[in-house]
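User: Hi! Could you walk me through this one? I'm new to reading structures.
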Amino acid sequence: MSNVAIVSGEIPPPRHDTFLAAVRKGYFATPGAAAVTSVCLALIALAVWTVFRWAVLDAVWSSGGPDMCQQATGACWAVIAARWRLIFFGLYPYDEQWRSALACAAILATVVVSCFPFSWSAKRLPLVWIAGYGVFYGLMRGGFLGLPTVLETQWGGLSLTLFVFSTVVVTGMPIAVCLALLRRSRLPVIARTVAVLIDGIRSLPLVAILFTAAIIIPYALPHFLVGDKLYRVIAGFSLFFAVYQAEIIRGGMQALPAGQEEAAHALGLNYWQTMSRIVLPQAFRHALPPTINQVVITFMETSLIVIIGFFEVMASGNAAFSTAEWSATYVEVYVFVAAIYFAFTFTLSRYGAYLERRLNVARH
Amino acid sequence: MSTQSGEIAVDVKSLAKFYGAHQVLFDVSLSVAAGEKIVICGPSGSGKSTFIRCLNKLEDHQAGTIRMLGTELNEDLANINEIRRDVGMVFQHFNLFPHLTVLENCVLAPMLVRRQDRKAAEEQAMLYLERVKIPQKAGSYPGELSGGQQQRVAIARALCMRPEIMLFDEPTSALDPEMISEVLDVMIELAQDGMTMLCVTHEMGFARKVADRVVFMDKGRIVEEAAPSDFFDNPRHERSKLFLSQILGH
Amino acid sequence: MSTQSGEIAVDVKSLAKFYGAHQVLFDVSLSVAAGEKIVICGPSGSGKSTFIRCLNKLEDHQAGTIRMLGTELNEDLANINEIRRDVGMVFQHFNLFPHLTVLENCVLAPMLVRRQDRKAAEEQAMLYLERVKIPQKAGSYPGELSGGQQQRVAIARALCMRPEIMLFDEPTSALDPEMISEVLDVMIELAQDGMTMLCVTHEMGFARKVADRVVFMDKGRIVEEAAPSDFFDNPRHERSKLFLSQILGH
Amino acid sequence: AAGDTLKTVQARGELNCTSGDGNFQGFFEIDDKGKWHGIDIDYCRAVGIAIFGSDEKVKLIPISWAQRFPSLQSGDLDLVIKATGWTMSRDTELGVQFSTPYFLGATQFMVHKELNAGSVKDLDGGTICTAGGTSTERLIADYIKANDYDIKLVSFEKNTEASAAYFANRCDSFAEWGPVLAARRASAPNPDEHAILPDVLAMEPEAAAMRQGDDAWVDLVNWVIAVGRIAEENGITSKNIDEQKANPKSATVAKLLGVTPGIGNRLGLSDDWAYNVIKVIGNAEEIYDRNVGKDSPYKLERGMNAPWQKGGVFVPPILD
Amino acid sequence: MFAVLRNRKHRDIGLQVLFIGVIVAILASAVIITRRNLDAQGIAVGWDFLNYATGWTISFSLIPYDINSSYARALAVGFLNTLLLAALTLFLATILGGAIGTARLSAHRLLSKIALVYVQFFRNIPLILQAFFWYSVFTHLPNARNAYNLGELAYFSNRGFYLPGLNIERGAIGLAVLTAVALLIVGYGVRRFAVLRRNDGLVKLAGFVILVVAVAGVLSSGRIAETPLFDLPVQRGLRIAGGLELAPEFCAAVIAISLFGASYIAEIVRAGLLAVSRGKVEAGLALGLTGSQIFWKIRLPLAIRIMLPTLTNQYVWLVKATSIGIAIGFSDFFMVVANSINHSGQTLSLIFILIAGFWAINFSLAAVLNAVNRAIALRGQNVR
Ligand SMILES: Nc1ncnc2c1ncn2[C@@H]1O[C@H](COP(=O)(O)OP(=O)(O)OP(=O)(O)O)[C@@H](O)[C@H]1O
Ligand SMILES: Nc1ncnc2c1ncn2[C@@H]1O[C@H](COP(=O)(O)OP(=O)(O)OP(=O)(O)O)[C@@H](O)[C@H]1O
Ligand SMILES: [Mg+2]
Ligand SMILES: [Mg+2]
């Protein structure tokens, strides 16, 4: 900037700094900043080198068995080579695991498709999900076209994790919106009761809820309503997700000036229109980072369904190393499982950041 | 629900309004015939905004009755929605929807409430945006507009609903004189179309030219209510005299 | 950092400002002597708010220089804070702190920035609140005030810092004429105390009475800059003539 | 409901038995192909074979420790065979019924050799890592208290973590069941640095658990366990069973293998059920050796788990 | 009939009655059916076991406990451990999360990048694996005999950290903490609602003195007789004795949960700060407030009002995250319950106790924070 002589006042719009200039400005602006940057870089380099040596240089790859691993100072990836199918597919029958893989892909495709803005309409989204779940269920469960039936109790691994996760979010979100709206209801009795309900449920450990859904609910429901354990557990999990998400949405609503609702009313929009077009879109915008938080948490918490006997990824990983020959390789298996989790949750985080940027246009 | 001239569009009787224990409106009564234009003025904090906010039930009142277009504003749900559909309002603080573009702000209600199709709604919205001189900002978000531009969008948005009664709360406060006269021209046109208008404003020029009556409020009461010529040239009440002397003096 | 009359308080040279690729200020230059009162006017969206927001660096400019009280506004943080301490601003949208009472809004900066003790700060704040006629609302929260009351608080808050230069962005937009004249009186008093003022306003009465110069902006440029008498009676530029004809006409 | 579990199972065409929510070495483990095996699994299969003649009708339901008793009571399970110790509180308060024990679990200690500890006594002032919620934990606590040692016990959720803590030197000793200790030591980076102390804590009897009130069902499970031992006593294995059946060397063997009637209808089964079980699963010794003994990676001595003739404590009931 | 429903008041009443009715009906039928089913299957939910001795040890306990103690006492030990862990981790996670969330928005590129990496890293790796990692860090310190030694005052080893302790009974220490908290709350109330606002400095000083005296009094009442006030750790045999022992399990749990929680709180703080409208910050700038003054006096107070529901959510969640302790051998409430289930087999009763315990903690936490949320809500409506 500064003293550029400008005759007409018509100057070209400012261009962004070059990459190098941006780096210098952002990271090496002052001696202090430069020092901090250097120290950080050195630490990062050290960490990367250590990990690299362990995970790559000194590692035993698929060829070695447990005995070779015992000698090696690095990672023993042989366990993954030997047991990866267990980790990815759990107890799903060995010869049918291609179905599980396809089903997994179907769910992933559904998630990806519904992440694109063009499918965000009240008509398209349910269609996409119904189709996705249809394919998933058909493949996983089988029982037609000569595919042997595989019961829900045998489902496992990544496809189960993804199935539980996506179902919980997809069904939990609408419940969350309802709960949030009820919690803000004008009617004191409803608002209070829902508040107690939300506080009550979110105070419970998820394990207790899953356990209740799996074991105790059958006692409390008439027989025809009991259904399969997996779906009961998903229902309980959804409710759990919903109460958390409801509070997040309420937080987002709290950030809106009252004038917004008033303006909508003054235009004659009814309650639902006001909520769906004015209040919720803005509330979601304010609540996006915590929402992503909650979704990430939910993804990781799917690992708790092991408590009621489902072999999702984490449990399969546990089973993978706790045999006589692989019991020393738990670090490798955990790193592998962590990498799987990281791949998904990190993608979710980046998607959240993308959404934030996209929705940010109008912030003032 | 259409009103012919001569019918009573707004009928307020002995209205009282409290915020908690703090009373801000005292025994306000006002009757407005369909097609009439009322200008409400009065010192800051005298309850003008509160009064017109009561008229479409954005605020609950604690005593008295309000009848809009023949329907009493009470606890009847359907009524309130019907009324709001036919009563437009421009807010003192604009209250644009920041997540929607200017155009979307304008077509939202016509599409949802009046069930217009998008194309018709957009065409009509562009018409009003042109009238308030900001068609070029149709694609911008409210956060990218200057104060005056926002106010004009707020006016266009309310007009897009083609309401029978319009409530304006200082619709020209953020505008420059030039734009004020443009906006007032729009309002005068509307007035000539027979729309009932209640307008909180201190544009005395507008009051003189358009208003059928001027209502002067102070401390939550209607102090004086008169034809503009009477009001300006011959105010009866001490308070009004003082007020007018200040205006005309400065 | 005190300025004697005759010194240059504000010196802007060839200022250019973009929002993204959209240029809103073009080659704006203006020099204001200490103690001078400038009125800035112009149609809505012409860049008035943007211009005065650049003066205390609420917006970055992309070309040109700004010197306030002798210090250039550049990337140096310390400068900017020093400058802002001595440059008060009243926003078009008030921007009161909604979590603080009116009184707390007014004493916050004097206590934190000027290191006044609470008692002195509160006394002074009450003084200014009395001047803008709302001492009784000292304990209320901004959300409980009418539009005009909020605007008055905003003015009082800025004054409590006793700045050397005041930037007003439409300080009377939400006020009724009576209150406008009160507020203008306050401003005139300040003007007589020798405060440098830049005021975006369309109160031409104020401009005539107080301003040393009127600056007329259009489409991001300063179109005309003249003493009020010249400006009103004898505008040189076509655009100004049009603008004035509208004002005086309506 | 109680009283007719066998009929329910037969009507359903499926036996619901336990597997795990993870691995429990030697007792239930998943192989590379996702199939369960282990001692507990073998007994589940044995019960299934006894009822249906083949183990295809056995549904191994993955279930966590906490879930096993409620699932049993709610009827989701017909039988719990999941390394479950026979304790008084479970037997009385919980309303479950135990079979005769099929395994005796011995708790032992692994120590760092550098400590030169000869017995638990030498660990005085030290720390022991173990898996929590197991009977091992309780036994050690009891043992330490009884001997008045100043030893600290740190328990973990799983023995994987407990042993990792031990190997990291967080603890002076790692206490667990024999099979687990053996496996961990074998797979340690340098097995020679660790020793297993001679101290053996009181054994825990592992037994199958069933709902209270169905005596016939308990009988059936008891006899499924028993036939493995009777077969061992008589030298019958899965390999030589057909010769033995063709040519029974004693009245007991003849009865056992269904050559002469009696073993079946008294339990409501067919007379060849024991034959089927042994043919597929093997006798008690085979089960032991395959899963934790000399044919397994654990190479555990049979010790107490042997029949009385071989220095163990097990005595089968009499088949008459 | 229809007209009655169109009236807002009547409809409101009707809706609320209906709502309550449905809820009561669901609950009642659930209770009745459960009763019937449990009876039919002869399942008794017993509580007797609570009085029986557990027979197992707990490695970390704030109250006396040994293997002859009852289940009830074991559960109390676990409950207190969880309380302690929760209090510490909430505190640390809030401070760290606040700092990182703020740094995320910093103009300083490096700072914001580091904060971003922090969030992405700690948020996206399952807590249990992080707990394992920190635990292994602590267990890879030298053993007790070779412990790092800080001037004979403190020792750092893989058996734990040993710091100088106080020879004061634990009960008294707990009481002192409670006293301090209670006094602070009272003090805040007095400051907020009383007329004492003028002589701020003096009032603060008086309050501080009262606080110190009260806490010291409570503490001295718990002095263990005939011991020095300070209890120094000493090396002895296989381990270090005396002093304040911080077990590696405890340290790993605190650090893992705090770092993990901080990454989530950081995002919440960031969202809250972003939701504060720019105009408010600009107003602060225009008044000459410095960046930190604006942050503390304007942005943060406004952001807190926005993020409180979400923050409450996260707190409640974090309290439950303490149950990760089970994986690394810290005896939190969940671990004690799980062990009790395995030992006694009383699953239903113990799950109920688990629910009740977390319910008690979290419900009080949420109730307090919700009350704060209501108390500090912005007043009036035309705030822009
Ligand atoms: N954040 C923004 N992004 C893009 N354009 C903007 C932004 N803020 C303002 N503008 C545009 O800049 C121009 C000047 O705006 P400014 O607020 O300075 O006008 P003004 O002269 O103060 O008008 P008014 O009298 O209506 O307040 C307007 O055309 C406006 O649309
Ligand atoms: N939410 C509220 N709580 C308490 N008092 C309020 C609230 N809103 C408004 N008031 C008070 O009610 C009175 C009337 O306010 P109102 O907004 O109607 O004034 P107004 O006539 O529109 O003034 P202006 O011309 O300044 O906008 C004022 O004294 C104001 O302080
Ligand atoms: Mg008003
Ligand atoms: Mg402006």
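User: Let's start with one residue. Is Gln92(B) buried or exposed?
Analyst: Happy to help! Keep in mind that this is a predicted model. Gln92(B) has a relative accessible area of 12%, and buried means under 20%, so Gln92(B) counts as buried.

User: Cool. What coordinates the magnesium ion (ligand 3)?
Analyst: Two residues of chain B do: Ser49(B) through OG and Gln92(B) through OE1, at 1.8 to 2.3 Å. They come from distant parts of the chain, 43 residues apart. Ser49(B) sits in helix 1 (residues 48-55), while Gln92(B) lies in the loop between strand 6 (87-90) and helix 3 (102-112).

User: And why does Ser49(B) count as buried?
Analyst: Because its relative accessibility is 19%, and the cut-off for buried is under 20%.

User: Switching topic: how many residues are in contact between chain D and chain E?
Analyst: On the chain D side 40 residues touch 41 residues of chain E. Together the two chains bury about 3,300 Å², with 47% of that on carbon and sulfur atoms. In chain D, the residues losing the most area to chain E are Glu93(D), Arg138(D) and Arg170(D), together 19% of what that side buries.

User: How many salt bridges are there across that interface?
Analyst: Two. Lys145(D) makes a salt bridge with Asp66(E), with the closest N and O atoms 2.8 Å apart. There are also six residue pairs in polar contact between chain D and chain E.

User: Which element of chain D gives the most to that side?
Analyst: Helix 5 of chain D, with six residues. By type, the chain D side divides into 14 nonpolar, 12 polar and 14 charged residues.

Conventions:
Residues are numbered from 1 along each chain as its sequence is written. Chains are lettered from A and ligands numbered from 1 in the order in which they are written. This is a predicted model: local features need pLDDT of at least 70, side-chain atom pairs count only at pLDDT 80 or more; totals for chains, interfaces and linings use all residues. Side-chain values use heavy atoms; hydrogens and water are left out. Donors are N, O and S atoms within 2.8 Å of the metal (3.2 Å for Na, K and Ca); water is not among the atoms, so sites may look incomplete. Helices (H or I, at least four residues) and strands (E, at least two) are DSSP runs, numbered from the N terminus. Buried means under 20% relative accessible area, exposed over 50%, partly exposed in between (1.4 Å probe, protein chains only). Contact means heavy atoms within 4.5 Å. Buried area is the accessible area (1.4 Å probe) that two parts lose on being put together, summed over both. A salt bridge is a side-chain nitrogen of Lys or Arg within 4 Å of a carboxyl oxygen of Asp or Glu. A polar contact is a pair of N or O atoms within 3.5 Å; within protein, one must be able to donate a hydrogen and the other to accept it, and residues adjacent in sequence count only if both atoms are side-chain atoms. Ala, Val, Leu, Ile, Met, Phe, Trp, Tyr, Cys and Pro count as nonpolar, Asp, Glu, Lys and Arg as charged, and the others, Gly among them, as polar.
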